[in-house]
Each structure stands twice: as structure tokens, then as C-alpha cells.
Amino acid sequence: MSTISYRRCKGTFTCKYLSFYDPKLKRNFRLPLVHIRLKNKDNSIRTDALVDSGATATFIPIELAEILELELPEKTSDAVGAGGTFSTYACEIDQIDVLKGTRIFCSIKNMRISIPKKLDVIPHSILGRDSIFWKNDITFRERKQHTIFRDPKKDNAKKIRRW
């Protein structure tokens with residue numbers, strides 16, 4: 001496995017929540033989705049991803065893995081999500097770019113991802129805590145329906161005076 005590398009633009013980026021229609025529930029939701037570009041070898045696809053602070057891993061649907069011609073191992077492992085337990089493949093993708101319009105504000109290379117074995121297990125790619133959260137301080141503003149990405153604060157905590 002290769003070493004993961006991160007690149008992030010300086011500054012703060014705010015993304016509006018995007019609409020998502022759930023065909024099972026037959027209703028619209030506004031979720032902290034961001035535009036991403038997935039790259040593997042000569043293949044590239046632009047899609048949306050859920051920014052999920054509750055996910056410990058990053059996932060992409062198997063349909064996208066097939067488009068990107070990712071090499072899936074024979075062995076699977078179980079993952080637990082909001083919908084229950086499901087089997088996943090673990091593999092590496094060359095690059096995930098997080099976009100604001102056409103501008104890349106965060107790029108992750110050689111990222112290890114999980115891919116559900118079955119179709120329709122996840123409706124979107126999911127950026128978990130193992131990816132975008134490493135190079136961003138992320139705030140979810142539910143009332144404004146915005147996700148804010150900031151440069152991470154340095155660990156220069158002020159000394160706490162104890163009484």
C-alpha cells in the first residue's frame with residue numbers, strides 16, 4: 001500500500017447542503033454533500049459525496065468502482081452503517097478531489113477506501129473521518145444548511161490557569 005498524501009488550499013470554504021431524493025422514502029432531504037472527482041489510472045468521474053463525521057471510513061458505491069476499473073480483492077470484510085451490516089471490499093484509489101465549483105480545495109492521493117459488495121447499499125460516496133477530516137476543521141451549520149471547511153488549528157493551545 002502507498003502512502004496517503006493530502007493537499008489543501010489555504011482558507012475557508014463553505015458549501016451549501018445539496019438536495020437528495022430518497023426513492024425508498026419518496027422524499028427529498030438536504031444533506032452535507034460536496035462535489036468530488038474520483039480518479040483511478042486514466043478513469044475519472046465527478047459525483048457527490050456525503051461528508052459524514054460518524055463514518056470511520058471512506059466509501060464509494062460499487063457502480064463507481066466499476067466505472068473507475070478499481071481492482072477489487074476476493075476477500076471482503078464487514079462494515080456497520082446506519083442501514084446495518086454489509087460486506088465491503090478494501091482497495092486503494094489514486095485520487096479524490098473535493099471541489100468547490102471547478103476549484104479543487106482538497107485532494108487526497110493513494111486513499112484506502114471501502115466498497116460495498118452489493119448495489120444500492122449506499123446512495124452516495126461517503127467521506128469519513130479517515131479522509132477529509134485530517135486536513136480540515138469541519139463545522140456543520142444545520143440551520144443555515146452549510147458545511148464549513150477551515151484550515152486546521154495548530155496545537156498551540158493556551159496554557160490553562162489552574163486556581
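This report describes the largest pocket, a strand hairpin, two residues with positive phi and the cysteines of a predicted model.

**The largest pocket**

The largest pocket encloses a volume of about 830 Å³. Its lining is made up of 30 residues, and those closest to the centre are Ala82, Val121, Ile122, Pro123 and Ile126. Four elements each give two or more residues to this lining: strand 3 (18-22), helix 1 (62-67), strand 7 (77-81) and strand 8 (84-100). Sorted by class, the lining residues comprise 18 nonpolar, seven polar and five charged.

**The hairpin of strands 7 and 8**

Two of the elements that contribute to the pocket lining, strand 7 and strand 8, also form a hairpin, with two residues between them. The two strands pair in the antiparallel sense, and the pairing runs over five bridges. One of the bridge partnerships joins serine 77 to threonine 88, the latter in strand 8.

**Positive phi outside glycine**

Lysine 26 has a phi near 55 degrees, which is a positive value in a residue other than glycine. Lysine 26 lies in the loop between strand 3 and strand 4 (27-31). With a relative accessibility of 64%, lysine 26 counts as exposed.

Glutamate 69 likewise is not a glycine, and its phi is positive at about 55 degrees. This residue is placed in the loop between helix 1 and strand 7. Its relative accessible area is 53%, so glutamate 69 is exposed.

**Cysteines**

A disulfide is a covalent bond between the sulfur atoms of two cysteines. How many disulfides does a search of the whole structure find? The search finds zero. The distances from two of the cysteines explain their part in this result. For a disulfide, the two sulfur atoms must be within 2.5 Å. The sulfur of cysteine 15 has its closest cysteine sulfur in cysteine 106, at 11 Å, and is therefore too far away for a bond. For cysteine 91 the closest cysteine sulfur is also in cysteine 106, but at 19 Å, which again is too far for a bond. Cysteine 15 is buried, with a relative accessible area of 7%, and cysteine 91 is buried as well, at 6%.

The table gathers the accessibility values of the four residues discussed above.

| Residue | Relative accessible area | Class |
|---|---|---|
| Lysine 26 | 64% | exposed |
| Glutamate 69 | 53% | exposed |
| Cysteine 15 | 7% | buried |
| Cysteine 91 | 6% | buried |

Key
Residues numbered from 1 in each chain as written. Predicted model: local features only at pLDDT ≥ 70, side-chain atom pairs only at ≥ 80, totals over all residues. Heavy atoms only, no water. 1 Å grid on protein atoms, 1.4 Å probe; cavity = no way out; pocket = protein on both sides within 12 Å on 5 of 7 lines; lining within 4 Å. Points joined across faces, edges and corners; volume = space filled by probe spheres on them. Nonpolar A, V, L, I, M, F, W, Y, C, P; charged D, E, K, R; others polar. Pairing = 2+ DSSP bridges. Buried < 20%, exposed > 50% of the residue type's maximum accessible area, 1.4 Å probe, protein only.
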